[in-house]
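Thanks for making the time this morning. I would like to walk through one model with you, slowly, and take a few local features in turn.

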Amino acid sequence: MGCNHCTCKSSLKERARALLVGFKGDDYAFGLGVMDKVGEFAREFGTKALVVANGGAWFRPVVSSVLTSLDKWGVALAGPRVVPDAAPNAPREDVYRIATYIMQFKPDCLVAVGGGSSIDAVKAANILASLGQWEPEIEPYFGTGQVTKALQEHGAGLIPMIAVETAASSGAHLTKYSNITDPVAGQKKLIVDEAIVPVRSVFDYEVTITMPAGMTVDGAFDGIGHCLEVFYGIPAAKYDLAREIAEVGIELAVANVERAVAEPENREAREALGLATDIGGYAIMVGGTNGAHLTSFSLVDVTSHGRAVAVMNPYYTVFFAPAIEPHLRVVGDIYKRHGFIDKDLNSLHGRELGIAVAEGMLEQSRRVGFPTTLAELHGFTDAHIDRALAAAKNPQLEMKLKNMPVPLNASLVDTYMKPILLAAASGDLSMVVNMA
């Protein structure tokens, strides 16, 4: 796939495209000007589609393109013109509302148009609409493999879903994950299941030109987090693939996020971030995220997901450092090439190497105006630390602890995760406690 350390933008993009084609093949249309694939994909499954999308003004041209494509390919709308999508972080009440539309109008396929929250909500609504006669609550499907288990038990199937991504961010259109939030508890939970991967996906990177600056940075850092956390925790048998994914995805994001914010209509930068976050989506199908994503689930009421991930990953980097020195050299080289690290990384090892890489990550956050501590998040209190520690002990989120390069179990959470959270609250990396 070319030189492992080539920083040429075109080479990085070529490597990204090759990875994505190898990952999804003909089931995924991505790039500039590919929106017409929506109707072509939908026609594979029948003649009635239920479209779930945002109704905001900035979104209308995207929705119009989707509807035009469906009409061109002879696919009619099942029910209303557009079903309103979910609020940020996919609140569970939106999931139930969308499920009602699905059950009422019985479409041949679902077309979810939006960012990660919208797509995640439709994934979960599809579960309820398809399995609700046996289990009408969403709670039993949280965790890993519960949807497949129920489908097999009842001889049922999900409605084919086409995900039309509109934000360079979570990679939800490519993955087996659905993050759903209980707004009352302020806690996000996760469904992990191969059965909910959209059967077809479309991402026309041109639509991201209208993404606001804050959302652009949030998405880029979420993509970095996916590549980074998977690479940190990857088993030896998958190291080479995870390294290729991390090199390409992290560098495309690190090198282009500031340019995309400064020049919102720069198509090259937007394409780079689209590819970077898609590679992040690939990453979380190869391995799993861990510490920063786990903590982010408990911060949904004070910040966006991407910001939570950006705040936490440097502190987890220090905790993991003694166990992931080869990984840190790969990641550190990227941040050093782009001017965020001025130390000689070759002379550093273990925890000290981790601190240097963490400081480089924090420096980029500062340059894009991101917080670098939990204390900077409006509304953050000590109660969020307690909530995050309690969530880490929840068996439904156990996979995040196991995915860590330094695996924890519930009995070790207070000993090792609490200092990480306290360090992130204060900004003092020295407070992180490494395992002996």
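**Cysteines, a small sheet and two loops**

What you have on the screen is a predicted model, and a search of the whole structure for disulfides returns 0. Two of the cysteines deserve a word here, since Cys109 is buried with a relative accessible area of 1%, and Cys227 is likewise buried, with a relative accessible area of 1%.

Let me turn to the sheet, where 3 strands are arranged in the order β6-β9-β8, forming an open sheet whose pairing is mixed. The strands at its edges are β6, residues 143-144, and β8, residues 177-182, and because each of them has a single partner strand, one side of each is left without a neighbour in the sheet. If we follow β8 across to β9, which covers residues 187-192, we find that the two run antiparallel and are joined by 6 bridges; within that pairing, Ile180 stands opposite Lys189 in β9.

Staying with β8, I would like to spend a moment on Tyr177, which is placed in that strand. Is Tyr177 buried or exposed? It counts as buried, at 10% relative accessibility, the limit for that label being under 20%. Leaving aside residues up to four places away in sequence, Tyr177 touches a set of residues that includes Leu190, Ile191 and Val192, and also Asp120, Lys123, Ile284 and Gly287. With Ile284 we can be more specific, as the side chain of Tyr177 reaches the backbone oxygen of that residue at 2.8 Å. There is also a long-range relation to mention, in that Tyr177 and Ile119 are 58 residues apart in sequence, while their C-alpha atoms are 9.9 Å apart in space.

Finally, for those of you who look at backbone torsions, there are two residues other than glycine with a positive phi that I would point out. One is Asn89, where phi is near 70 degrees; this residue sits in the loop between β4, residues 83-84, and α4, residues 92-105, and at 17% relative accessibility it counts as buried. The other is Lys106, with phi near 45 degrees, which lies in the loop between α4 and β5, residues 109-114. What is the relative accessible area of Lys106? The computed value is 59%, and Lys106 is therefore exposed, whereas Asn89, as I said, is buried.

Notes: Residues numbered from 1 in each chain as written. Predicted model: local features only at pLDDT ≥ 70, side-chain atom pairs only at ≥ 80, totals over all residues. Heavy atoms only, no water. Pairing = 2+ DSSP bridges. Helix = DSSP H or I, 4+ residues; strand = E, 2+ residues; numbered from the N terminus. Disulfide = S-S within 2.5 Å. Buried < 20%, exposed > 50% of the residue type's maximum accessible area, 1.4 Å probe, protein only. Contact = heavy atoms within 4.5 Å. Polar contact = N/O pair within 3.5 Å; in protein donor to acceptor, adjacent residues only side chain to side chain.
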